[in-house]
Amino acid sequence: MEKIKVILNKFVKFVKDNPREFWILVIILALSAFLRLYKIGEYMTFLGDEGRDMIIIRRFLVEFHPPLIGPGTSVGSMYLGPLYYYMMAIPVLLANFSPVGPAVMVAILGVLTVFLIWFIGREWFGKIAGLVSALLYAISPTIIIFSRSSWNPNIMPFFSLLSIYAIWKVWKEKEYKWMIVLGISLAFVLQSHYLGLLLIPTLFIFWLMSPPPKY
């Protein structure tokens, strides 16, 4: 309860100290949500991969047959982990087994990615850089298209950026509790697409540069 009060107090203080930035951010997030959610059921992509995922989720929810492997990749018989399927389960259930449910989930995650870009950009490069980068990501046509359909690689931008921020908190500010965030976010990255393996060398370098925790 105390942590919630602290967060609320920080939020109120931020709004009072930065009213213009706050409202610009609200407009950017609202624009991002509109571009991703407007008529999403009519414009979302639904092809073979999306149909396969819905069949697997239906078997999981109706027949109680939990998936043990994730989507197949284009590299031979290599499979990803099933984490994305479990992530889809609740939106599918809430949407009464409509494929629009997980597409909305991805769209909302896209809006959260815009917020995360602003937050990290502001902390690393300043207010203007945070707002500009968030706006560019919010209105990018390619990003919008991929944010309007349920496909496992579409969640990677959010979790990869969160992974980078988490290891930066460990390296720069020695906040080792962020290792938990790093582990969870990296798991989502690696199970969303095999190209997430390219993130490991960067994280490993920062890990080597991070001093060990003091007990």
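**Pockets and helix packing at a glance**

The largest pocket here has a volume of about 660 Å³. Keep in mind that this is a predicted model. Helix α6 turns up in the linings of the largest pocket and the second largest one, so it gets its own entry below, along with one helix pair.

**Largest pocket**
- Its lining counts 18 residues, and Ile-7, Lys-10, Phe-11, Phe-115 and Phe-119 sit closest to the centre.
- Helices α1 (2-17), α2 (19-37) and α6 each chip in at least two lining residues, with α1 giving the largest share, 6 residues.
- The lining is a mix of 12 nonpolar and 6 charged residues, with no polar ones.

**Second largest pocket**
- This one holds about 200 Å³ of space.
- Phe-115 and Phe-119 line this pocket too, together with Leu-112, Leu-116, Phe-158, Leu-162, Tyr-165, Trp-178 and Val-181.
- Two or more residues come from each of α6, α9 and α10 (178-190), and α6 gives the most, with 4.
- By class, the lining has 9 nonpolar residues and no polar or charged ones.

**Helix α6**
- With 26 residues (100-125) at 1.5 Å a residue, α6 should span 38 Å, and its end C-alpha atoms are 37 Å apart, which agrees.
- Right after α6 comes Gly-126, with a positive phi near 115 degrees.

**The α9–α11 pair**
- Helices α9 (156-173) and α11 (199-209) pack at about 10 degrees, their axes 9 Å apart, which makes them roughly parallel.
- On the α9 side, the contact uses Ser-160, Ser-163, Ile-164, Ile-167 and Trp-171; α11 brings Leu-199, Thr-202, Leu-203, Phe-206, Trp-207 and Met-209.
- That contact has 8 nonpolar and 3 polar residues, and no charged ones.

Methods. Residues numbered from 1 in each chain as written. Predicted model: local features only at pLDDT ≥ 70, side-chain atom pairs only at ≥ 80, totals over all residues. Heavy atoms only, no water. Expected span 1.5 Å × (residues − 1). Axes fitted to C-alpha atoms, helices over the stretch in contact; angles between N-to-C directions. Parallel < 35°, antiparallel > 145°, perpendicular 65-115°, else oblique. Contact = heavy atoms within 4.5 Å. Nonpolar A, V, L, I, M, F, W, Y, C, P; charged D, E, K, R; others polar. 1 Å grid on protein atoms, 1.4 Å probe; cavity = no way out; pocket = protein on both sides within 12 Å on 5 of 7 lines; lining within 4 Å. Points joined across faces, edges and corners; volume = space filled by probe spheres on them.
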